[in-house]
Amino acid sequence: MQNVAAQPYAIAPRPLQLLQLDAIARAQASRDPYPHIVASGVLPVEAAESLRRDFPAIKKTGYLPLSLLARTGAFDALLSDLESPELAALLSDKLGLNLSDKPRMITVRKWSAAKDGRIHNDGEAKIATSLIYLNDTWPEGDGGRLRVLRSDQSFDDTAAEVPPTYGTFFAFARTKNSWHGHKPFAGERRVIQTTWLRSWEDYERKEKRGRFSYFFKRLVSSSEY
């Protein structure tokens, strides 16, 4: 596996509330087959209970825009860290991009459906994406474990696998070949996704799409988020 040489990164003088930037800074960056990093231990163990308690009570599958969710307690503290300029600067260095002036969209998932996770590449509106997982444990087997893929043909052509357990952090640059996905899994799968976009026009378009999907699901089901 071809690795990107580690670059020095000065940790912000003011500590973030929960996100451990030093754990992300220590993660080895790779360009096989596209720029990405996988880091573990990016959240303090003692925060797990409060993050579980303050996580939104989502009842449906799929990602929800942050604008539709309540921000409270430890969940709000983590979101503030994910919105920080320090994280954007660190990932700019790790992935070889300039994210500091780009719009940032955060979406949140609690439940996965069996149809989720199919092999795909993100659209060109996305520049980079990070995922932070908040699941205390994970069942045996490979379902729900995100894979960095070298092609769109098979889950077997894997460059890296990301365990969706508490404190695991994954970030990657969107490229023409940034294929990824996971084998089927149905159940609770807590993750916060942060995406940097090309423009505010892209942000508004994706925000409207997310809100439309939310209200459409409410129309076709008596259940609520």
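**Entry 1. I192 and the cores**

I began with the surroundings of I192 in this predicted model. Leaving aside residues up to four places away in sequence, I found that I192 touches F55, F75, L78, L79, L82, I106, T107, V108, S130, L131, I132 and L134. I then looked up the largest nonpolar core, which has 43 residues. I192 is listed there with L19, I24, L43 and F169 as the residues with the most contacts inside this core. Helix 3, residues 73–82, gives the most to the core, with six residues. I also noted a second, separate core of 11 residues, which includes Y133, F170, F172 and V191.

**Entry 2. Helix 3**

I next asked how many of the 10 residues of helix 3 are buried. The count is seven, so the helix is largely enclosed by the rest of the structure. I recorded the buried positions as A74, F75, A77, L78, L79, D81 and L82. These buried residues pack against two helices, helix 2 and helix 4, and against three strands: strand 3 (104–112), strand 4 (126–133) and strand 9 (187–197).

**Entry 3. Helix 4 and G96**

Helix 4 spans residues 85–95 and is mostly covered, with eight of its 11 residues buried. I listed E86, L87, A88, L90, L91, S92, K94 and L95 as the buried ones. The list holds E86 and K94 alongside leucines such as L87 and L90. After helix 4 comes G96, and I read its phi as positive, near 75 degrees. For context, most residues other than glycine have a negative phi.

**Entry 4. V191**

I turned to V191, which lies in strand 9 and was noted above as part of the second core. Is V191 buried or exposed? Its relative accessible area is 0%, under the 20% limit, so I entered V191 as buried. Beyond residues up to four places away in sequence, V191 touches F55, Y63, T107, V108, R109, L131, I132 and Y133. I also looked up its distance to T165: the two are 26 residues apart in sequence, and their C-alpha atoms lie 9.4 Å apart.

**Entry 5. W138**

I located W138 in the loop between strand 4 and strand 5 (146–149). W138 is buried, with a relative accessible area of 12%. Which residues does W138 touch, not counting those up to four places away in sequence? I found G143, G144, R145, P164, T165, F185, E188 and R189. For P164, I noted a C-alpha separation from W138 of 7.1 Å, with the two positions 26 residues apart along the chain counted as their spacing.

**Entry 6. S112**

S112 is found in strand 3. I entered S112 as buried, at a relative accessible area of 4%. With residues up to four places away in sequence left out, S112 touches T61, F185, A186, G187 and R189. F185 and R189 also appear among the residues that W138 touches.

**Entry 7. The cavity**

I then searched for enclosed space. How many cavities of 30 Å³ or more are there? The count comes to one, and I recorded a volume of about 40 Å³ for the largest cavity. Its lining is made up of A48, L51, R52, F55, L134, D136, Y166 and R190. Helix 2, residues 48–54, supplies the largest share of this lining, three residues. I sorted the lining into five nonpolar residues, three charged and no polar. F55 and L134, both in the lining, are also among the residues that I192 touches.

**Entry 8. The D32–P33 bond**

I checked the peptide bond between D32 and P33 and found it cis, with omega about 0 degrees. In general, most peptide bonds are trans. I placed P33 in the loop between helix 1 (21–26) and strand 1 (36–39).

**Entry 9. The chain as a whole**

I closed with the overall figures. The protein chain has five helices and nine strands, and from the N terminus on I read their order as α-β-α-β-α-α-β-β-β-β-β-β-β-α. Buried residues make up 53% of the 225 residues. Among contacts with a separation of 6 or more, 80% join residues 24 or more positions apart. The chain exposes about 10,900 Å², and carbon and sulfur atoms supply 51% of that area.

Key
Residues are numbered from 1 along each chain as its sequence is written. This is a predicted model: local features need pLDDT of at least 70, side-chain atom pairs count only at pLDDT 80 or more; totals for chains, interfaces and linings use all residues. Side-chain values use heavy atoms; hydrogens and water are left out. Helices (H or I, at least four residues) and strands (E, at least two) are DSSP runs, numbered from the N terminus. Buried means under 20% relative accessible area, exposed over 50%, partly exposed in between (1.4 Å probe, protein chains only). Contact means heavy atoms within 4.5 Å. Accessible areas come from the Shrake-Rupley method with a 1.4 Å probe; for residues, only the protein chains shown count as cover. A nonpolar core is a set of buried Ala, Val, Leu, Ile, Met, Phe, Trp, Tyr and Cys residues joined through side-chain atoms within 4.5 Å. On a 1 Å grid over the protein atoms alone, a cavity is a set of points where a 1.4 Å probe fits but cannot get out, and a pocket is an open set with protein on both sides within 12 Å along at least five of seven lines; lining residues have an atom within 4 Å of a point. Grid points are joined across faces, edges and corners, and a volume is the space filled by probe spheres set on the points. Ala, Val, Leu, Ile, Met, Phe, Trp, Tyr, Cys and Pro count as nonpolar, Asp, Glu, Lys and Arg as charged, and the others, Gly among them, as polar.
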